[in-house]
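Got a minute to go through a model with me? Have the sequence and coordinates open, and we'll take it one question at a time.

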Amino acid sequence: MRFTKPSWVAHTDSSAPEGSSTAAKALTMFSLHVHPDNSRIATGGLDAKVRIWATAPILSKDVEESGKIPKSLATLTMHTGPVLAVRWAHSGRWLASGSDDSVILIWDLDPAGSGKVWGSDDVNVEGWKALKRLPGHESDVTGLAWSPGDRYLASVGADSMVIIWDGYTLERMKKLDLHQGFVKGVCWDPVGEFLATCADDKSVKFWRVTDWGLEATISKPFEDSPGNTFFRRLSWSPDGAHITVANACNGKGMVFVAAVIARSTWTSEISLVGHEHTVQAVAYNPHMFLRDVNQPIQTQNLCSVVALGGDDCSVSVWQTKSARPMIVARDAFARGILDLSWSWDGLTLYACSSDGTLAAFAFTPEEMEGILPVSAQEKYLQKFGFKDPRIRTVNVPPPADVEMAHVPQASTGFGSQTIKQEVVTTLVARKGKAKKRVTLDNIPSAGVTTNGFGHHGLSAPNSAIGMAPPPISPAMMGSINMGIPSQLPPAPSPSMTSHIPPHSNNVTPAFGSMPSQGLLHSQNVTPSLGGQQQPFPWSSQHTPRGEIIDLTAYGEPADPTVAGGGTDAPMVDSLDTPTTPVRGKNKGSAGVDANGKAPKPRTLGGDKAREDMGPVRVLRPAGGVDVNEWRAAAHAAGGGHEGVRLLAAPDLKSLVVAKIEGTDEVLEGSNDDATKPSEVTLSYGKQVQWLDYLPSRILLLTLTPFFCAVALEDSSITVYSPTGRRIMPTMSLSSQCAIFEGSKNHLMAITVQGQMHIWNVRTQRTLFPPVSVSSLLTTPNSSILSATLRPNGSPLVHLSSGTSHSYDANLQSFIRISDSWWATGSDAWTTRQRTSTTGVGPVQQMESVISELRMNAAAAAAAASAASAAHSREGSAESSGGAGGESKGASSTVGTGGLVLMGGDETERPPWWSAAMTLGHLETRMHAARVLESPTEFKQALLVYSKKIADEAFRGKAEELIKELCGPVYWRPGREESWTPTVCGLAKRDLLKDILSIFARSKTLTKLAQDWQETLRRAAAEDL
């Protein structure tokens, strides 16, 4: 299980002054819910806004850092009070939100709604508009739930009411008023037979869908439950057998539990015990599980997975076959958990807290072993034998080729048909003047979208009727550049049967052969009139006025074939440029082969399975010449390094491999024998995505989400796009590459002659002219241990001498950004022992590496000293007197490789040693953080630096630092000044405010801080 908690997923106060602590503070996040296609998640918060986020950057650090997929997709601002509940419809087309303003809003995709949000700095990548406003509650709306198939929407509130809304027309159907307290939880039976609600009257009520009468009331486990919780979110198990309810208590209120109520008896005999405070939220995994995967699918072999979130700031996940939880995440949040939501593939659990944060718990398929196929799950639910009497089966024969009759809704692309007093809207696919009706039998049901976990062929029996339309992912619509009606109703049908076609390999990738990363697998395929698989029939007459972001860039793209008589498929040739449908003459047969199926697109080598290359063989070693000897020869010849090999070339191997951490993408280069050309392949899993042949042997490879690069034996470099296109000309260097690294859009090559090259692949420009690393290798016996590349293009070179360097293009010089020297006296050197480098900045990582080098060198020196002492004891007493002392003196440098190992209690230090070393170290750390663009580390070092100045009462340094950060007192944007208002992306005057608060606590610097605080206030007033 992998835990992630992105700080950028937050509701903040946009009305607060920019830079203030209030603006940066995360407000309470009351609710969250995952879209059925797993690509996005909606959250509701105290800021009265609904926010929609992409899930890929939450789940993948590489995706987050790449910036390829926007993090925030939309901010919805129609509510006037805190948003307490958000729930996606099962179709994925509508989003319902309930607020403290007592109103429910139904949100629909609006192609014209993208752009900047009025009154804030938020930008909507996707446009969503309020399709309908549902008034009816007299107080806070605390819970929402869509019934199976989206036939009904239930809402509950602090007015003690339960309201049932028609899921098709969004009209109010029924108001249930038997609760005597705030209703804080609601959920539907997966069969669709019952509705459950939980309230502060300390009862759970079950309502019949047939007549909305009361089936049962349960109060036994809730008599002693506290009534001061925000919510009582309950959840029904996917097998329909149990319902787990939050905020229950045993032992007269002494033990906080979640009560499990049996459907057969409406009694609670089981409790989930372990949380130290009230449980506020319960969420079942949408899938059923096999207790024993080796046993057949039987009732006694089924179980469920349920998650609990409590006021004790912890989350627990239980499997009903065990009396103990699968996991317990204690102190995952700073405050209580308010809502939980599982992804529809059953592998990720999301939780939100009143501390304003969101967290994701991502499980592997092995950890969630035994997930039941959805087809078997639907078949299992049939045993209840329930059918909603309001939904009738009406068989409408599909017309083969009928002109559409005139309907009043022609301008929107909809027709309507009244069947036994129930209005059913039908979607009509248009194509020019010819109009063809997509009949009711051909509108797919919920669940058409498949995901990365379950590529199952699913088919429910004809008795499963009245289901909602298929999940409509805005990403899918955007990827094929189709228009979307701004007010698109769900268009359910009484005659519609639930049918989910099996996973097909004939889906056309919209991005050529770009490898999937398994995060967003989504396909929209429905049966066409002729039985062929076609996309959902959007009206081609509508053209988008706002671009819809394509979230399928990291998943399986949508099928670009367009329904409605075989309209030619609009193919997307790049990641950024949308295309328009091609208008061909022979439209009736376009996009299908002789067998009536969509042809599978080809890629260069895409039909080839990845081969096992066997053990890696060294075809030719790098050479036996010592690099230090080459250096010595160069110095003897005149001190220059031109044409001299400063670095060792890599071995020529039969197989060279590069990977992206956390994905199945693999770039491989194979060097067989001299008679065959070298081959480079990009594979995802076991399938080759593309290949190419190269004229020279492959030495090194590097792979990023944005490009692939190959360094060859003939000193040339070839750069490919993710689909295998050569996006840069072949570059010839002065010698072979010794070090080859890529990061984001940047590529670095260091040749054996020491020439460093860094390019920006996206702009196809070099960051600076080639520079030699020879100036770094002046220390005897020093060598380059590693060289890496930052995402901003800054190199990091680690030397065996215990120093780290980068290159500053502005100074045209290598700069020392860390040194083992500081470890001998700096109070800020905190990595004196082995520490994990996970989740820390680049400067701290370098200091950790240097610390390990120092430890290893010290251990080697101690071992050499011990060996020398043992050798001395074996000698004569006469020889030991002189040789032993020499041995001890020499041992302090053995194996250090130039590292500074000063230390020990016996070493006498100068009077100002600690202060000088600490300040020097922190100044170096700030310069390093600026060059490496690490704002968090810069601010941290600056604050520690300021505190050290205050502790030492260095008024001169303090005043100089203040003036540097403040700049001209009356500085205005646009004035030509050498001073810049930001450093490392941080506002200097905001940093100054924090520093002045530190100086104000110093007795010596108090007056100085107060004077400058007043100066800042006046400057801010002038700005206003």
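What follows is a short back-and-forth about this predicted model.

Student: Before I trust anything here, what is the average pLDDT of the chain?
Tutor: Fair place to begin, since this is a predicted model. Of the residues, 68% score at least 70. Over residues 392-590, though, pLDDT stays under 50, and residues 832-839 stay under 50 too. The chain average comes out at 74.

Student: Is strand β23 largely enclosed or not, and how many of its residues are buried?
Tutor: Buried means under 20% relative accessible area. Strand β23 covers residues 242-250, and it is largely enclosed by the rest of the structure because most of its length passes that cut-off: the count is 7 of 9.

Student: Which residue in β23 stands opposite Trp236?
Tutor: Look at the pairing of β22 (residues 235-236) with β23, which is antiparallel and has 2 bridges. The hairpin has 5 residues between the strands, and Gly240 takes a positive phi near 75 degrees there. Across from Trp236 you'll find Ile243.

Student: And how many bridges join β23 to β24?
Tutor: β24 spans residues 255-262 and runs antiparallel to β23. One facing pair is His242 and Ala262. The bridge count is 7.

Student: Over to Gly605: which residues is it in contact with, leaving aside neighbours within four places in sequence?
Tutor: Gly605 sits in the loop between β41 and β42, and it is buried at 13% relative accessible area. Val688 is 83 residues away in sequence, but the C-alpha to C-alpha distance is 6.6 Å. The contacts are Val688 and Leu691.

Key: Residues are numbered from 1 along each chain as its sequence is written. This is a predicted model: local features need pLDDT of at least 70, side-chain atom pairs count only at pLDDT 80 or more; totals for chains, interfaces and linings use all residues. Side-chain values use heavy atoms; hydrogens and water are left out. pLDDT is the predictor's confidence in each residue, from 0 to 100. Contact means heavy atoms within 4.5 Å. Buried means under 20% relative accessible area, exposed over 50%, partly exposed in between (1.4 Å probe, protein chains only). Helices (H or I, at least four residues) and strands (E, at least two) are DSSP runs, numbered from the N terminus. Two strands pair if DSSP finds at least two bridges between them.
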